[in-house]
Amino acid sequence: MLESIINKTSFIKEDIVAMLSAQGDDQKALFAKAKEIKEQEIGKKVYYRGLVEFSNICEKNCLYCGIRKDNENVERFNLSDDAIIEAAKFAHKSNYGSFVMQSGEIMSPAFTNRIENLLLTIKKETNDELGITISLGEQTEETYQRWFNAGAHRYLLRIESSSSDLYYKIHPEDKKHDFESRLACLKSLQKIGYQTGTGVMIGLPYQTLDDLANDILFMRNFDIDMVGMGPYIEHPDTPLGKHNEELMPLIERFNLALRMIATLRIVMRDINIAAATALQAIDPIGREKAVKVGANIIMPNITPGMYRNNYKLYNNKPCVDEEPQDCITCLDIRIKLADASIGYGEWGDSKHFARRRVTSIK
Ligand code: SAH
Ligand code: SF4
């Protein structure tokens, strides 16, 4: 029975595999326990992070991603600084509390300077009231430090898979896609003092439940503060997207993603867990379902409408035809239906981060 496992306070790999395999009544019990722990540890609030995907220009070639460098079917775009600052002001004015900037990966002095200036301007224009998360891939420690000094305080860098074997099956094996470098980047971010976020894709070809259980152990052992993880969704213009025969059906990937979120909540009780947009690409109320089983962060897309269509990391990306204003009303209703309330105007920092800092000072 799963009951004896979900009520434990420390977990071994076999426990995690059992939780990830739960079906029927066991799955219901798993979801209920995750919800209970979330409410007990961090409450019923969901925090918004207004997300701007400001450029799809990328120097990398991850085998799964629709905006990889070698995909010639993508029209590349790069929002102006003014448009990004406007979006940040929109997030501030809408009381979102926090703002996320994400893009393809570029490593260059010009890019570093641009982001640094944007961060400084956004902080100033929003009276230091807007929390800022960035997700701009692998960079040098010096760059991470400069962006931290300029006002970013959270960083999202998914490890994609904590198994180096699997990592190399979904990335080209070259210097630009090196597992150890990605790990070193996560360590730099943590050392600098960012609230450090990572995550994995769920339902990848070649991936086993054992791999996913190891991913959860990796997050725990790394003492990660925040996680964003969601189902892998194939993109037809990518090398990995052409190997469909090995994939589990979308609905199973979706349910497995929910069990990953619930299991992670049970194992790491006080971290921030985002309901990934990819969930919504499979089920229209996928993110709300994630909130019901342990997630507490939602990242509404506030990229100006005309550019959304070109930031397609995967198929069926939801809401690409909406404008930011449409999303607010729609989301508010949805969150209330998910038995949660919205932490308007709050940063909604990771409680785990605060506790980790206190412990490390002692
Ligand atoms: N370039 C940065 C940020 C943008 S990509 C980076 O790679 O870190 C953001 C995330 O999108 C990636 O971490 C990956 O996990 C996810 N992603 C990319 N392609 C995907 C796909 N086909 N299905 C699901 N998620 C995908
Ligand atoms: Fe570029 Fe990120 Fe996509 Fe990899 S996952 S190709 S780094 S945007």
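Which residue has a backbone N or O atom 3.4 Å from a nitrogen atom of ligand 1? In this predicted model, that residue is Leu313.

## Contacts of the ligand

Besides the backbone contact of Leu313 with a nitrogen atom of ligand 1, two side chains approach oxygen atoms of the ligand: an N or O atom in the side chain of Glu160 is 2.6 Å from an oxygen atom, and a polar side-chain atom of Arg182 lies 3.3 Å from an oxygen atom. Taken alone, ligand 1 exposes 540 Å², and the protein buries 92% of that area.

## The shell around the ligand

Ligand 1 is surrounded by 18 residues, and the closest of them are Tyr64, Ser103, Arg158, Glu160 and Ile233. Sorted by class, this shell holds nine nonpolar, five polar and four charged residues.

## The cavity

The count of cavities of 30 Å³ or more comes to one, and the largest cavity, which holds about 1000 Å³ of space, is the space taken by ligand 1.

Its lining is made up of 49 residues, with Gln102, Ser135, Arg158, Glu160 and Leu313 nearest the centre of the cavity; the lining residues divide into 27 nonpolar, 12 polar and 10 charged. Several elements each supply at least two residues of this lining, among them the strands β1 (45-55), β2 (98-103) and β3 (131-135), as well as the helix α11 (277-282), while β7 gives the most, with five residues. Glu160 thus appears both among the residues closest to ligand 1 and among those nearest the centre of the largest cavity.

Conventions:
Residues numbered from 1 in each chain as written. Chains lettered and ligands numbered in written order. Predicted model: local features only at pLDDT ≥ 70, side-chain atom pairs only at ≥ 80, totals over all residues. Heavy atoms only, no water. Near = heavy atom within 4 Å. Polar contact = N/O pair within 3.5 Å; in protein donor to acceptor, adjacent residues only side chain to side chain. Areas by Shrake-Rupley, 256 points an atom, 1.4 Å probe, with all protein chains shown as cover. 1 Å grid on protein atoms, 1.4 Å probe; cavity = no way out; pocket = protein on both sides within 12 Å on 5 of 7 lines; lining within 4 Å. Sits in = over half its atoms within 2 Å of the grid points. Nonpolar A, V, L, I, M, F, W, Y, C, P; charged D, E, K, R; others polar. Points joined across faces, edges and corners; volume = space filled by probe spheres on them. Helix = DSSP H or I, 4+ residues; strand = E, 2+ residues; numbered from the N terminus.
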